[in-house]
Amino acid sequence: MISFDFDKDCCGCHACMNACPVNAIKMEANKEGFLLPNVDGNTCIKCGKCDKACPHLNGANNIEKYSPESFRDIPSYLYFLDSKEREDSASGGFVVAAMKSCLDRGGLVCGCVWDKKMKAIHIVSDKIEDLRRMQSSKYVQSEIGQCYSEIKNFLKQGRNVVFCGTPCQTAGLKTFLGKVDTSNLISICVICHGTPSPLAWKKWKLVQEHKYKGKLVYVNMRDKHKKGYATTCCKYVYDVNGSRKVVERAAYIADPYVFLFADSLYLRNSCYHCQYKADGNGADIIAGDFHASINEAGKWGCSSVFAMTQKGENFIKTLPGYSIKSDYKKLVGVNPMLWKSEKMNSQRKVFFEAIQKNVVSESDFTQFLPKKYYVKKVLEQMGLFNVVRKMLK
């Protein structure tokens, strides 16, 4: 029976739940909204499969070993897709290119989508229309559900699968699959700042729906259509009595929810000492932003890509678009989250106490915004933010 300090170390990957042959494990939210395993001792048969599937119990113990040099011998690429799909992606469109390639070959893809209640969940699909739903970033921890079990069954059938998730979700998939033949699986781990609380997202959504007097029906936390990759917007669409109301705010500059996520206010406890950095997640490929971008990519952005396995490197070479061989130092330099964890925000405990009230207001979020938020917001409104950022660099 799986047992350790879940609040401190559990990453919420669902591997133990998927591994349990008698459904003795349910994932239940703690007071901060993070899902943790709850084991029914009366149902448990003590088979030990949950322990074997857990990435925390079977992962790296010495996280201090991770450093920029962890990527010294890893093939690294700058990538951008030369098609319209890149416009709807968070950066260079690498993940959508990988998934579309798999679907075109009759395979399946597993990624994060918003459901009808604007809750982040992972799904397994062979439908091209679901690919668009998987695009761009969702800054809230998603529920894996039974996706690992579905992937295992499809792999046993000889089907091709591309999976994309956070480092802990990717590690959970690897330990869950164990000795299953994964030659038809490409696992892609996103470069991760940390996994935000589903409770924080739920409360923010309710606050915004009250503010704009409508139901949130769409959100894109990295929308590029207004100003391009250099200044992505958080785009909210509300249904207000049958009419659409669109609200856009510069994502990391003027949107309180995204800014406070980036300020590490409401990340999961395990994120502050993440075991799954660098090669600790077992991914075939690690992909994410290349914040500096490159001139060749134009205004729609560029991806950082690391081929962690030979299978991953071979797969990258089959994709359309532009893969430009790069120096690992260049990519690691703009993505420190590849190898180090965020420090816990000193206001984290106070924040969660604030949002656990029955009635939450926008001020329960905005009171935690630091002075730099208001400076950035003013610069963005004056059209000077990117100018000042380049000068400081």
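**Cavities, a buried helix and unpaired cysteines**

Mentor: In this predicted model, the second largest cavity has a lining of 16 residues, and those nearest its centre are Cys10, Cys13, Cys16, Cys54 and Pro55. The space in this cavity is about 90 Å³.

Trainee: Which helices supply at least two residues each of that lining?

Mentor: They are α2 (15–19) and α4 (55–58). By class, the lining comprises twelve nonpolar residues, three polar and one charged.

Trainee: What makes Cys10 and Pro55 members of the nonpolar class?

Mentor: The class is set by residue type: Cys and Pro both count as nonpolar, so Cys10 and Pro55 belong there.

Trainee: How many cavities of 30 Å³ or more does the count give?

Mentor: The count comes to five. The largest has a volume of about 130 Å³, which is over the 30 Å³ used for the count.

Trainee: Which residues lie nearest the centre of the largest cavity?

Mentor: Cys168, Ser270, Cys271, Cys274 and Tyr276 do, within a lining of 17 residues. That lining divides into seven nonpolar, eight polar and two charged residues.

Trainee: Cys168 is also listed among the buried residues of α8. Why is helix α8 called largely enclosed?

Mentor: Helix α8 spans residues 167–177, and ten of its eleven residues are buried, so the rest of the structure largely encloses the helix. Among the buried ones are Pro167, Gln169, Leu173 and Phe176.

Trainee: What follows α8?

Mentor: Glycine 178 follows, and its phi is positive, near 55 degrees.

Trainee: How many disulfides does a search of the whole structure find?

Mentor: The search finds zero. Cysteine 189 is one case: the nearest cysteine sulfur belongs to cysteine 192 and is 7.6 Å away. A disulfide requires two cysteine sulfur atoms within 2.5 Å, and cysteine 189 is therefore in none.

Trainee: Why is cysteine 189 called buried?

Mentor: Its relative accessible area is 1%. Buried means under 20%, so cysteine 189 meets the definition.

Trainee: How do you know that the sulfur of cysteine 302 is too far from the closest cysteine sulfur for a bond?

Mentor: The closest cysteine sulfur, in cysteine 164, is 17 Å away, and the limit is 2.5 Å; the pair is therefore too far apart for a bond.

Trainee: Is cysteine 302 buried or exposed?

Mentor: Cysteine 302 is buried, because its relative accessibility is 0% and the cut-off for buried is under 20%.

Key. Residues numbered from 1 in each chain as written. Predicted model: local features only at pLDDT ≥ 70, side-chain atom pairs only at ≥ 80, totals over all residues. Heavy atoms only, no water. Buried < 20%, exposed > 50% of the residue type's maximum accessible area, 1.4 Å probe, protein only. Helix = DSSP H or I, 4+ residues; strand = E, 2+ residues; numbered from the N terminus. 1 Å grid on protein atoms, 1.4 Å probe; cavity = no way out; pocket = protein on both sides within 12 Å on 5 of 7 lines; lining within 4 Å. Points joined across faces, edges and corners; volume = space filled by probe spheres on them.
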